[in-house]
Amino acid sequence: MKTQMTLAAAAMLLGTVVTPALAQEKIKLGLIVTLSGPAAALGQQVRDGFALAVKDLGSKMGGRDVELIVVDDELKPDAAVTKVKGLLEREKVDFVVGPIFSNILQAIHRPITESKTFLISPNAGPSTFAGKDCNPFFYVTSYQNDQVHEILGKVAQDRGYKRMYLMVPNYQAGKDSVAGFKLDYKGEIVEESYMPLNTLDFQPELSKISSQKPDALFTFMPGGLGVNLVKQYRQAGLADTIPVLSAFTVDESTLPAQQDAAVGMFGGANWAPNLDNPQNKKFVAAYEAAYNSVPGTYAAQAYDAAMLIDSAVKAVKGDLSNKDAVGAALKKADFTSVRGAFKFNNNNYPIQDFYLTKVAKRPDGKFQTEIVQKVFENYGDRYAKDCKAAN
């Protein structure tokens, strides 16, 4: 009895009411991201950003200790499903966070949500689950895939580019990227090229670009794809004559490998390291101190994902048994985002600002993306109107 009273008193002092049993049980978080192969840098950013947030929270959420279990999806849908089942059935996690790639998300979404476990995506945001197939157990802290690409389509249109060459990977997010770009761009598309996800040599495409002489290249090539493309593009002498408008191709996950080859190339994003608000300055400084590298959107969105979960756990006073209450708390998103204001649309995808960014070399020799202009403000995706189930 004495122990129980002490725990209760401590909980009240912290402003959190939890039962002794709940206080002793750890909240289990399963993080599934790509940690092997050319795309590993993206998963590492998510892992590190999320882990930093957990550390900043004192490894506790709502007064309960947190256990973080990290698994590698290997960028293989079958392997991802097997590992997710392990998180759900063996580890009995309370939340699943991930993944990076939309094809992996499409594979793991059903087993997670059907188990009535909350899935928080810190990156993948396909159109598939933004509209009529939205789900009350699925939340996204990044964006709907089309949106970032819409930025580049609008910029290309506003800058008067008459002829564009489009080059993307051949999977769902690549198709979404083209759809997003075309929403605002009304000029001529001279080529629409879909590349295998394991492409290493872009020379045949670069030869086409050189001969067709478009006004600009739009590309979405994440991870190792982007590293190879940017280096080869610069080496081919195209960077000085044909501008690059890109998404997830030149960012903080790829810049350490691309370096000077990427300087001056444009990107679209919902965030950049130089975004001017107190929470972001604190996050960027802490991330650089912890990992000696510049954080990218992957890390920032993962940091927000952890803070989102923490806000929900606090709101339900550490009791995760009432799924409706947890879902309502997640929906409220009562936390301070590194992006500033943060709110969910009715489909559990964010309503937020989007920016055109440009790669710069800092005085300390490191590379980062920096905001050039705000392109969209408080922008929700176009699929939300079809969502009913997430309301």
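Student: Which exposed residues sit on the face of H11 turned away from its buried side?

Tutor: This is a predicted model: local features need pLDDT of at least 70, side-chain atom pairs count only at pLDDT 80 or more, and totals for chains, interfaces and linings use all residues. Residues are numbered from 1 along each chain as its sequence is written; side-chain values use heavy atoms, without hydrogens or water. Exposed means over 50% relative accessible area, buried under 20%, partly exposed in between (1.4 Å probe, protein chains only). The face of H11 turned away from its buried side carries Pro278, Lys281, Lys282 and Ala289.

Student: What is the span of H11 from first to last C-alpha?

Tutor: Helices (H or I, at least four residues) and strands (E, at least two) are DSSP runs, numbered from the N terminus. H11 covers residues 278-291, 14 residues. The expected span is 1.5 Å times one less than the number of residues. The actual reach is close to that expectation, at 20 Å.

Student: Within what arc do the buried residues of H11 fall?

Tutor: Gln279, Asn280, Phe283, Val284, Tyr287 and Glu288 are buried in H11. The arc is taken from the directions from the helix axis to the C-beta atoms. Seen down the axis, these residues line one face of H11, because they fall within an arc of 155°.

Student: Which helices are included in what covers those buried residues?

Tutor: Contact means heavy atoms within 4.5 Å. The cover of H11's buried residues includes H3 (40-56) and H12 (297-315).

Student: Which residue caps the N-terminal end of H11?

Tutor: Look in the loop between strand E11 (266-269) and H11. The capping residue is buried, with a relative accessible area of 12%, and touches Ser337, Val338, Arg339 and Gly340, not counting residues up to four places away in sequence. One of its side-chain oxygens lies 3.2 Å from the backbone nitrogen of glutamine 279. The cap is asparagine 277.

Student: Which residue follows H11, and what is the sign of its phi?

Tutor: Go to the far end of the helix. There, phi is near 55° at asparagine 292, so its sign is positive.

Student: Which element gives the most to the largest nonpolar core?

Tutor: A nonpolar core is a set of buried Ala, Val, Leu, Ile, Met, Phe, Trp, Tyr and Cys residues joined through side-chain atoms within 4.5 Å. This one has 96 residues; Phe50, Phe95, Met164, Phe283, Ile309 and Leu330 touch the most other members. With twelve residues, the top contributor is H12.

Methods: A polar contact is a pair of N or O atoms within 3.5 Å; within protein, one must be able to donate a hydrogen and the other to accept it, and residues adjacent in sequence count only if both atoms are side-chain atoms.
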